[in-house]
Amino acid sequence: MGPATPLADTVLRIERVTLRFVGLTAIDDLSLAVRAGELLGIIGPNGAGKTSVLNCISGFYHPQAGRILFRDQDITHRPAHARARLGIARTFQNIALYPGMTVLANITSGRLLHMRAGVLAGGVYWGPAQRELVRHRERVEEIIDFLELEGHRDHRVAELAYGVQKKVELGRALAMEPRLLLLDEPMAGMTADEKADMARYILELREVRGIPMILIEHDMGVVMDLCDRLVVMDYGRKIAEGLPEAIQHDPRVIQAYLGEETVA
Amino acid sequence: MTLHFVLEGALVGVAVGSIYALIALGFALLYKSTKILNLAHGEMVLFGGYLAIALTRSLDLPVWMAFALAVAGTLAAAAALGFVVERGIMRPLYGQSLLSVIIVTLALGYIIRGLMVGLWGGDTRQFPPVVPTGVVRFGDLIVPRVGIYSAAVALALLVGFSLFFRYSLVGIAMRAAANEQLTASTLGVSLKRVFAYAWAFAAIAASFGGILLGLWLGVNFALDYVGLKALAAVILGGLDSIPGAILGGFLIGMLENILGAYIDANVTAFGVSLHGFKEITPFVVILLVLLIKPYGLFGTEHIERL
């Protein structure tokens, strides 16, 4: 199976990527593409290599073979911070916030790459520096409104419920004004209500802001409802790709999930 | 122990302690950003002291001008040393076990010290008289004038460093990386640059400490011993706490000049006076503190479920 030639409006293209750890192939000759404004779901059993794919995209892992292109730029060998500056933002499966800082400060930390050197130097609070700070603050407040975090603005993250922390993490990623958003199990460990809220945010991000996203999620109901297209992985390989309805009935997928039941 | 003795010890202790605090700040900063325990930190103190004295002496200018240029040159050299160490030695070791990296810093320390002593000899070297000698009296308390000046400079630097980390973009990036390295890199912070800056700042803080101590006491090859005191200060404050390191520096300075000096002068054991106890007092206290608070006064406690 060669690399799929995607449409011209492709944002991210992964071409025949292979990632090996000692004695283990985490990703095996994987190709996929994310189109502009698309919400792509990656599903598969535990250990299928889904998070490894996100880690390759955000630059934590460096694949042994293959290429990763973001907006027609080869980023395969770029370090993580450079990819962040190109506009790739993510959330983590295990929340990675600054627990001692407030919600406001955590989300503001996503503005770091939009701040100009020296703006904050010496605590200068007038002129252009003040205008820039006000602008950053406005962006952050918009995100706080959008994610309905007003009540938690000044709370330390460590004191907040898990579901709220997940929202803060999404908020921080949005503060980066991403051109591609990687969501690693944003709903894991959430209550049904919180899941519904998160689904609403994700849909709005796609519909209103048109941010292309990759979503890893175990809740099949959510995935089938939200995603435009699905990639199914098992043992590091892509075993299926297509629209949610088609995937749902794909015998290879059913087999991967349900085990070695013989498919007639 | 009279009140007069305690107050005078406290004043001198604060003065020396502010220098320890500056050196300890560099140590803690590097540990916090890179998780490397730099056993060459004391040698970086030595580097600063030796180089500044040599430069001051070699410049044929009015002494204050020579000194100012020497300080500027020494700090620039310290920053360069930090960058070179990070780029040339630490970066290739990235991903190696922390223990190997720490042992490499030990070797680095020996090399720096060997070069310094080889170049300038092991005898105590002094700055030409750049600051007025003599003492300052606060009522009936007597403190050496040079101590007041060094303390003022060290305090100014501590404030400067704090403001830098609080408000400058590089400082914020460094704090972000110190807390969560991978997260910081997804926010666009270059870890390589943060590491390079951390080494440069550590070397600058240590060298400045060496210059200030050199003004006060002169410099000889044993000055790297101060690195151990900085380590002690940092451990006392909690390895990963920068305010803790600063406070630890002050505490060590006061302990050695009140308790240590008292024991030095007054206590005998088995008919022998305990001269030199001053130098080990801080370590005895640290031992006691760590028995009660293993992560130091302000360190992050790691609680693991077994």
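**Exercise 1. Describe the contact between chain B and chain A, starting from its polar contacts.**

Solution.
Step 1. In this predicted model, 2 residue pairs are in polar contact between chain B and chain A, both residues of each pair being at pLDDT 80 or more.
Step 2. Find the elements on the chain B side. Helices α6 (169-179) and α7 (181-186) of chain B are the elements that each give two or more residues to the side touching chain A.
Step 3. Look for salt bridges across the interface of chain B and chain A: the rule finds 0.
Step 4. Count the residues taking part. Chain B gives 18 residues to the contact, and chain A gives 25 residues.
Step 5. State the area. The size of an interface is often given as the accessible area lost when the parts come together. Between chain B and chain A, about 1700 Å² is buried, and carbon and sulfur atoms give 69% of this area.

**Exercise 2. Decide whether A:T76 is buried or exposed, and list what it touches.**

Solution.
Step 1. Locate the residue. A:T76 sits in the loop between β5 (73-74) and α2 (80-86) of chain A.
Step 2. Apply the cut-off: a residue is buried under 20% relative accessible area. A:T76 has 3% relative accessibility, so it counts as buried.
Step 3. List the neighbours. Leaving out residues up to four places away in sequence, A:T76 touches A:H62, A:P63, A:G66, A:R67, A:I68 and A:R83.
Step 4. Look at A:I68 in detail. Its backbone nitrogen lies 2.9 Å from a polar atom of the A:T76 side chain.

**Exercise 3. For the salt bridges A:R13 with A:E15, A:E241 with A:K238, and A:R252 with A:D250, give the N to O distance and classify each partner.**

Solution.
Step 1. The closest N and O atoms of A:R13 and A:E15 are 3.3 Å apart. A:R13 is partly exposed at 23% relative accessible area, whereas A:E15 is buried at 15%.
Step 2. A:E241 and A:K238 meet at 2.5 Å, N to O. A:E241 is partly exposed at 35%, while A:K238 is buried at 17%.
Step 3. For A:R252 and A:D250 the distance is 2.9 Å. A:R252 is partly exposed at 48%, and A:D250 is buried at 12%.
Step 4. Check for shared partners. A:R13, A:E15, A:R67, A:D72 and A:D74 are joined into one network by salt bridges that share partners.
Step 5. Set these pairs in context: a search of the whole structure finds 27 salt bridges over all chains.

**Exercise 4. Where are A:D29 and A:Y235, which have a positive phi although neither is a glycine?**

Solution.
Step 1. A:D29 has a phi of about 55° and belongs to strand β2 (residues 24-35) of chain A. Its relative accessible area is 29%, so A:D29 is partly exposed.
Step 2. A:Y235 has a phi of about 45° and is found in the loop between β9 (229-234) and β10 (237-242) of chain A. At 68% relative accessibility, A:Y235 is exposed.

**Exercise 5. Name the members of the nonpolar surface patch that includes B:L69, and place B:L69 in its element.**

Solution.
Step 1. The patch is formed by B:L59, B:L61, B:V63, B:W64, B:M65 and B:L69, with about 510 Å² of accessible area together.
Step 2. B:L69 lies in helix α3 (residues 63-90) of chain B.
Step 3. With a relative accessible area of 46%, B:L69 is partly exposed.

Note on methods: Residues are numbered from 1 along each chain as its sequence is written. Chains are lettered from A and ligands numbered from 1 in the order in which they are written. This is a predicted model: local features need pLDDT of at least 70, side-chain atom pairs count only at pLDDT 80 or more; totals for chains, interfaces and linings use all residues. Side-chain values use heavy atoms; hydrogens and water are left out. Patches are made of residues with over 30% relative accessible area and no salt bridge: like charges are joined within 9 Å, nonpolar side chains (Val, Leu, Ile, Met, Phe, Trp, Tyr) within 5 Å. Accessible areas come from the Shrake-Rupley method with a 1.4 Å probe; for residues, only the protein chains shown count as cover. A salt bridge is a side-chain nitrogen of Lys or Arg within 4 Å of a carboxyl oxygen of Asp or Glu. Helices (H or I, at least four residues) and strands (E, at least two) are DSSP runs, numbered from the N terminus. Buried means under 20% relative accessible area, exposed over 50%, partly exposed in between (1.4 Å probe, protein chains only). Contact means heavy atoms within 4.5 Å. Buried area is the accessible area (1.4 Å probe) that two parts lose on being put together, summed over both. A polar contact is a pair of N or O atoms within 3.5 Å; within protein, one must be able to donate a hydrogen and the other to accept it, and residues adjacent in sequence count only if both atoms are side-chain atoms.
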